[in-house]
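Hi,

Here is the model I promised to pass on. Have a look at it first, and my notes follow underneath.

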Amino acid sequence: MIEGNEILPYKAIPAGHTLLREIKERGYTQKEFAEKLGMKESNFTALLKGKRNITTEIALQLEDILGISANFWLDLQMRYDITRTKLKQ
């Protein structure tokens, strides 16, 4: 989809999609990783699907656990939010 000079993807990819790939690559199950974050598995699943946001607190936990900067996770979340909003307009 083209909007002005900007090309938008046909759908927004949640930040959780990248997180899921990362935890699988490291050998964690969703349940194990949810426990590491101190989250209910259902809330973690919602985060992976983009139904819950990666907050600053979660991003800092991800940084501690995975060694990937909190800014990276927050940037992914922001890009998802912006793309999703633009696609709705």
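Salt bridges first: the count comes to three in this predicted model. Arginine 26 and glutamate 22 join their side chains in one of them, at 2.6 Å from N to O. Both ends sit at an intermediate level of accessibility: arginine 26 is partly exposed at 39%, and glutamate 22 is partly exposed with a relative accessible area of 23%.

Helix 5 holds aspartate 75 and arginine 79, four residues apart, or about one turn of the helix. Their side chains meet in a salt bridge of 2.8 Å, N to O. Aspartate 75 is partly exposed, at 29%, whereas arginine 79 has 52% relative accessibility and so counts as exposed, the cut-off being over 50%. Aspartate 81 and arginine 84 are also in helix 5, this time three residues apart, again about one turn. The closest N and O atoms of that salt bridge are 3.5 Å apart. Here aspartate 81 is partly exposed at 22%, and arginine 84 is partly exposed at 28%. As a general point, residues three or four places apart on an α-helix point the same way, because there are 3.6 residues a turn.

Now to the inside. Which residues have the most contacts in the largest nonpolar core? That core has 20 residues, and the ones in question are Leu19, Phe33, Phe44, Ile54, Leu62, Leu66 and Trp73. Helices 1, 2, 3, 4 and 5 each supply at least two residues of this core. Leucine 66 is a good place to start looking: beyond its neighbours within four places in sequence, leucine 66 is in contact with Leu19, Phe33 and Trp73, and also with Glu22 and Arg26. Those last two are the salt-bridge partners from the start of my notes.

Helix 1 (residues 15-25) has Ala15, Gly16, Thr18, Leu19, Leu20 and Ile23 as its buried residues. The cover over them includes helix 2 (30-37), helix 3 (41-48), helix 4 and helix 5 (70-88). Glycine 16, in helix 1, has 1% relative accessibility and so counts as buried, the cut-off being under 20%. Not counting residues up to four places away in sequence, glycine 16 touches Leu47 and Leu48. If you measure out from there, the C-alpha atom of glycine 16 is separated by 8.6 Å from that of asparagine 53, 37 residues apart along the chain.

In helix 2, the buried residues are Phe33, Ala34 and Leu37. They lie on the same side of helix 2, because the arc they cover around the axis is only 105 degrees. Helix 1, helix 3 and helix 4 are among what covers them.

Two glycines are worth a click as well. Glycine 27, just after helix 1, takes a positive phi of about 85 degrees. Glycine 38, just after helix 2, takes a positive phi of about 75 degrees.

Last, confidence. The protein chain averages a pLDDT of 93, and 92% of the residues score at least 70. Among the elements, helix 4 (residues 56-66) has the highest mean, 98, and strand 1 (residues 2-3) the lowest, 56. Where pLDDT is low, the predicted coordinates should not be read in detail.

Cheers

Key. Residues numbered from 1 in each chain as written. Predicted model: local features only at pLDDT ≥ 70, side-chain atom pairs only at ≥ 80, totals over all residues. Heavy atoms only, no water. pLDDT = per-residue confidence, 0-100. Buried < 20%, exposed > 50% of the residue type's maximum accessible area, 1.4 Å probe, protein only. Contact = heavy atoms within 4.5 Å. Core = buried A, V, L, I, M, F, W, Y, C linked by side-chain atoms within 4.5 Å. Arc of directions from axis to C-beta. Salt bridge = Lys/Arg side-chain N within 4 Å of Asp/Glu carboxyl O.
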